[in-house]
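Biologist: Could you take a close look at one charged pair and its setting, and then work outward from there to the rest of the fold? I would like one connected account, with the reasoning behind each step made plain.

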Amino acid sequence: MLFVAAVFILVAAALAGLVAGSIATLTTTADGIDDQRALQATSGAVQALRKQMAATLRDNAYWDDAYAEVNADSRVDWIIENWASTSADYPLYDTAIVVDSRNLPVVAYRKGVPMEVMPGKFFEGFQALVDTARRVRMPDDIPVHFARSSAGTELIGAAAIQPFESDESLNPRGFYVLVFAKLITPAVVAEVSDNFAIAALRLDSKPAWGRLAVALKDVSSKDVAFFTWPSMAPGTKSYQKVDGNLRAAGTILILFLGSIGVVGGLTVRNLRNSEQASRRRALHDALTGLLNRAGLLESVAAASDRARQSGKQVTLHFIDLDGFKAVNDAWGHAVGDALIVAVAHRLRDALPDDAFAARLGGDEFAVVTVDELDVPSFGGCVQEKLASLFEIEGRSIEIGCSIGVAVSERGAVHSDELMRRADIALYRAKDLGRGITIHFDDSFDDDALHQAELESELRTSLLKGGITVAFQPLINAHSGAVTGVEALARWRKQDGVVIPPDKFIPLAERAGMIDSLGMEILITSLTAAAAWPALSLSVNISPLQLKNPRFVEQVKQALKAADFDPRRLTLEMTESVLISNPEQARRAIDGLKNIGIKVALDDFGSGYASIGSLRRFGFDRMKVDRSLVAALEVDQNAGAVLQATVALANALQIPVTAEGIETEQQATVVRLSGCDELQGYLFSKPVSAAEVTALCRVSEASGRARQGGR
């Protein structure tokens, strides 16, 4: 009996040991699987940070315009405007540095202001990174690493600024190098933790005991810092939860083994759910639950595969909301976010079978359908759905949308190319007045090429002084005397073709040349008008010029160089400057007025400028839009509208100029309405500086003759 008992005890002990060993193995394996997942996720997060920085550098450095601008005399202004000033609030970098061929800093900004310390002293290994960037050829990976800095641990990358098309004739040693850096702050660590499902992630200077770690390496592959996090140990935690039950049922092996299966199943399910949640977060927009850009690309690729097999077409709709910015400005971002969510619901409800929607960021969405060939676009349905009123927190909000459509028959067009085409079509829809759907056409690429060629010619003309200025006289409404001139930009290409201002000025704004163009026009006008001391000078400025923090200082320098009295200068701007960024516009206008320059509101009556705007910005003059003058001869109510507009300005003690006057009847009406200054072809077309000089001489001679007669 004792022998049997002993055998039984030994067998029970062996079984207990086998079971205990199995539990330990399962627990350790589950912990190890989760640890390995976390290590892979963290390594992937580090690579994602580096790739994102590398993509940003590639887009900015391998750029024909950037190469031309950094090799021009105006490089500093251009670098500050395009890279340095954006470091103040740009999410992908907070430091922007450009070094020349001698590795000396040209511009070094951090968080929107100049750095007080040389980059080589601020960042460890800075010179090694720049040297590496110079050795990299265009197809190679851009060097992005981590580095210690005076502020902490930084993600930093560098790329040689060069033309987009590789040119072997260029010496890489002569390239300027663009450097972007981003401080790894607690907020950045928290974002990585959330996006990649790595709980309690933190940045440590060295591996911490009891924590998993991934090294952040510098350009020399040395450890700079470590991302560390605790092991979640799902197997151990799961075992602890059932440990009491297992002890209570320790004598019943079947239940014991069953519990092992349950624990193992729960562990695997938890791991699977965690991976699925991480993947969903990576591919979906947090606010709306729709796909994000990465999810859209993946889904479009899958839809293209299905279309190739089924012979159907993939149709991509890029959607941009019209009027969304006004909602944000009027009621704040909370209402704007609620509107975005409501739009997402309507898109989701309107989707046909085998279709999906995405939010690309801001107020941009996308819808993809997979249909039979030659099926009409879904765009009309989307516009109808979004045209209905939205009820948001008791507010009735009306918006619209512009849509660009691109089609891939049988999935033949690559996903990236399909998105490019839809984006071009959307741009065309917005350019044609918004609220419409435009399908991509091959001719759009021809138009884009033509615009690129025109942009290149404009850039060349700017460099060679090919932009000229004409002057149109301003007439005193009572005496008929010429009291001033308005400067008007003119561009005649080398082939003799004249490009009107309403074409080349928007082109300059889109291409980032408006600051250079505007200052050249101002300097040319001031130089010419310095010879006409009896006349005032009016010069138009673009709303984008007021966004330049150095604009007021540049105007001061131009006035000083021309020895021009600021009180003779009036800068004209349209009301769009008041809508896009009113606070920034007010600061710039105040700076101009403080030095004696007058500011006029141009084209009043063509848009939405309010009485509040006239009061708030303190305009010195208002110019009535030519459309109100032209309407005098075709609309019987036009006179009353003009008179009311001028009366409004007079009530605010703002003098009024009427432009576009072509007949005596128009001149008589605007005089009687209260306009004190007139402009138009009735008096003079735009003329050259020499003709203005001759006009001034005639006027002076007439004045002397009158005095002699007395």
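Modeller: In this predicted model, Arg-459 and Glu-455 form a salt bridge in which the closest N and O atoms are 3.2 Å apart. Both residues belong to helix 14 (residues 442-463), and because they are four residues apart in that helix, they are separated by about one helical turn. With a relative accessible area of 12%, Arg-459 falls under the 20% cut-off and is therefore buried, and Glu-455, at 19% relative accessibility, counts as buried by the same criterion. The pair also belongs to a wider arrangement, since Asp-65, Glu-69, Glu-455 and Arg-459 are linked in a network of salt bridges. As a general matter, side chains of opposite charge can pair when their charged atoms come close.

The structure holds 27 salt bridges, and two others help to place the buried pair in context. Asp-305 and Arg-308 meet through their side chains in a salt bridge of 2.2 Å, N to O, and both lie in helix 9 (residues 293-310), three residues apart, or about one turn of the helix. Here the setting is partly exposed, with Asp-305 at 38% relative accessibility and Arg-308 at 46%. The other example is the salt bridge between Glu-372 and Lys-312, whose closest N and O atoms are 3.9 Å apart. Glu-372 lies in the loop between strand 12 (364-371) and helix 12 (379-387), while Lys-312 lies in the loop between helix 9 and strand 10 (313-322), so this pair ties together parts that are 60 residues apart in sequence. Glu-372 is partly exposed, with a relative accessible area of 48%, and Lys-312 is likewise partly exposed, with a relative accessible area of 26%.

An acidic residue can also be followed through its contacts, as with Asp-363, which is found in the loop between strand 11 (355-361) and strand 12. Asp-363 is buried, with a relative accessible area of 17%, and, not counting residues up to four places away in sequence, it touches Ile-319, Asp-320, Leu-321, Phe-324 and Ile-340.

Turning from charged to nonpolar residues, the largest nonpolar core has 74 residues, and those with the most contacts inside it are Leu-537 and Leu-569. Helix 16 (residues 514-529) supplies the largest share of this core, namely eight residues. Leaving aside neighbours within four places in sequence, Leu-569 is in contact with Leu-522, Leu-526, Leu-537, Val-539, Leu-559, Phe-564, Ile-597 and Lys-598. A second, separate core of 46 residues includes Tyr-93, Ile-184, Leu-201 and Trp-229. In soluble globular proteins, nonpolar side chains tend to be buried together.

Burial can be followed along a strand as well. Strand 1 (residues 95-99) is mostly covered, with five of its five residues buried; Thr-95, Ile-97 and Val-99 point one way from the strand, Ala-96 and Val-98 point the other way, and all are buried. In a regular strand the side chains alternate between the two faces of the sheet. Strand 1 pairs with strand 2 (residues 105-110) in the antiparallel sense over five bridges, and Thr-95 stands opposite Arg-110 in strand 2. The hairpin of these two strands has five residues between the strands, and within the hairpin Asn-103 takes a positive phi near 65°. Five bridges also join strand 1 to strand 6 (residues 177-183), and these two strands run antiparallel; in strand 6, the bridge partner of Thr-95 is Ala-181.

A further sheet is open and consists of three strands in the order 7-9-8, with antiparallel pairing. Strand 7 (202-204) and strand 8 (211-217) stand at its edges, each with a single partner strand, so one side of each is left without a neighbour in the sheet. From one strand to the next, the twist averages 35°. Strand 7 and strand 9 (residues 223-230) pair in the antiparallel sense over three bridges, and Asp-204 stands opposite Phe-226 in strand 9.

To return to the starting point, Arg-459 and Glu-455 form their salt bridge at 3.2 Å, and both also take part in the network that includes Asp-65 and Glu-69.

Key:
Residues numbered from 1 in each chain as written. Predicted model: local features only at pLDDT ≥ 70, side-chain atom pairs only at ≥ 80, totals over all residues. Heavy atoms only, no water. Pairing = 2+ DSSP bridges. Axes fitted to C-alpha atoms, helices over the stretch in contact; angles between N-to-C directions. Core = buried A, V, L, I, M, F, W, Y, C linked by side-chain atoms within 4.5 Å. Buried < 20%, exposed > 50% of the residue type's maximum accessible area, 1.4 Å probe, protein only. Contact = heavy atoms within 4.5 Å. Salt bridge = Lys/Arg side-chain N within 4 Å of Asp/Glu carboxyl O.
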